[in-house]
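Subject: Structure handover

Hello,

The structure we talked about is below, with its sequence. My notes on aromatic contacts and internal space follow it.

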Amino acid sequence: MSIDKIIQSIRSNKQNHLVDFRVKSKTEEFTESLFKILFDSKISVSNNMEELGESFKAIACMIDKGDQSRFELVWKKFLVNLPELLNQLNQDAKCIFLHDPASRSIEEVILAYPGFYAIAVYRLSHELHLQNMPLIPRIMSEYAHRLTGIDIHPGAEIGSPFFIDHGTGVVIGESTIIKNKVKVYQGVTLGALQVSKDMKNIKRHPTVEDNVTIYAGATILGGDTIIGKNSTIGGNVWLTESVPENSIVYQRTDIKLKKKTNHAES
């Protein structure tokens, strides 16, 4: 096949002519700039916020050229809510510092903890999700997912403070509700019991009440599943039904240990 026929074949088989990868790269730049404006002491808020707003509106216009006036209103509403979002994030950072014995300072949490970065991007993207801007917050959350290994859908509802330690492998689905003072460790899944396209408007993911700790590798599934307040869910537990408040749930493993009777010299 000639190169001309190959190019013609590729052109005819490109299914979606609306995909523009500049939207992805610009949104990732926007996410990084927003995080640094909020937390980097060397970056001026007043000198950079206007430019950030222009970046947001430019991305929004790349996605939808038909309703540009709405993006100005979305950005203004986002700015109004930004001080409260920052207050929540400061509480998250303080919570991580107070509960992780390996942490030496809040500065360390902000600069080095993947759990904090994922929570920060979640809170910022969730605010845009609430304003019916589905693509930008989804790209923001997937950017954080790629950097941290922590997958939080921007549609989830998460109280404050929220603590994720280590974080790799954490999955928090779209309709998850997490209330206040919840701690989650690596590998935890808050997911759907079954996956079907016609369930997209149904609560598919669990609810976690106040002051719950969920240890590494636990899997909690289903929109009707509620973890009662003050409960502790042990590592590698598999749950598809609700747990009353003040519960301790753990898995009893059958681990056997015996002494070697015959081993070669090394």
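Ten aromatic pairs turn up when the whole structure is searched; please keep in mind that the model is predicted. A pair of aromatic rings is described by two quantities, the distance of the centres and the angle of the planes. For Phe 35 and Phe 39 these are 5.0 Å centre to centre and 45 degrees between the planes. The pair counts as tilted because its angle is neither under 30 degrees, as for stacked rings, nor over 60, as for edge-to-face ones.

Both residues sit in helix H2 (residues 21-39), and because they are four residues apart there, about one helical turn separates Phe 35 from Phe 39. Phe 35 and Phe 39 are both buried.

There is also an aromatic cluster, made up of Phe 30, Phe 56, Trp 75 and Phe 78.

On internal space, the count of cavities of 30 Å³ or more is one. The largest cavity holds about 30 Å³ of space. Its lining consists of Ala 118, Val 121, Tyr 122, Ser 141, Ala 144, Ile 150 and Ile 152. Two elements give two or more residues each to that lining: helix H6 (114-130) and helix H7 (135-148). H6 supplies the largest share, with three residues.

What classes of residue make up the lining of the largest cavity? Six are nonpolar, one is polar and none is charged. The polar one is Ser 141, because serine is not among the residue types counted as nonpolar or charged.

Regards

Notes. Residues are numbered from 1 along each chain as its sequence is written. This is a predicted model: local features need pLDDT of at least 70, side-chain atom pairs count only at pLDDT 80 or more; totals for chains, interfaces and linings use all residues. Side-chain values use heavy atoms; hydrogens and water are left out. On a 1 Å grid over the protein atoms alone, a cavity is a set of points where a 1.4 Å probe fits but cannot get out, and a pocket is an open set with protein on both sides within 12 Å along at least five of seven lines; lining residues have an atom within 4 Å of a point. Grid points are joined across faces, edges and corners, and a volume is the space filled by probe spheres set on the points. Rings of Phe, Tyr and Trp (its six-membered ring) pair if their centres lie within 6.5 Å; planes under 30 degrees apart count as stacked, over 60 as edge-to-face and the rest as tilted. Buried means under 20% relative accessible area, exposed over 50%, partly exposed in between (1.4 Å probe, protein chains only).
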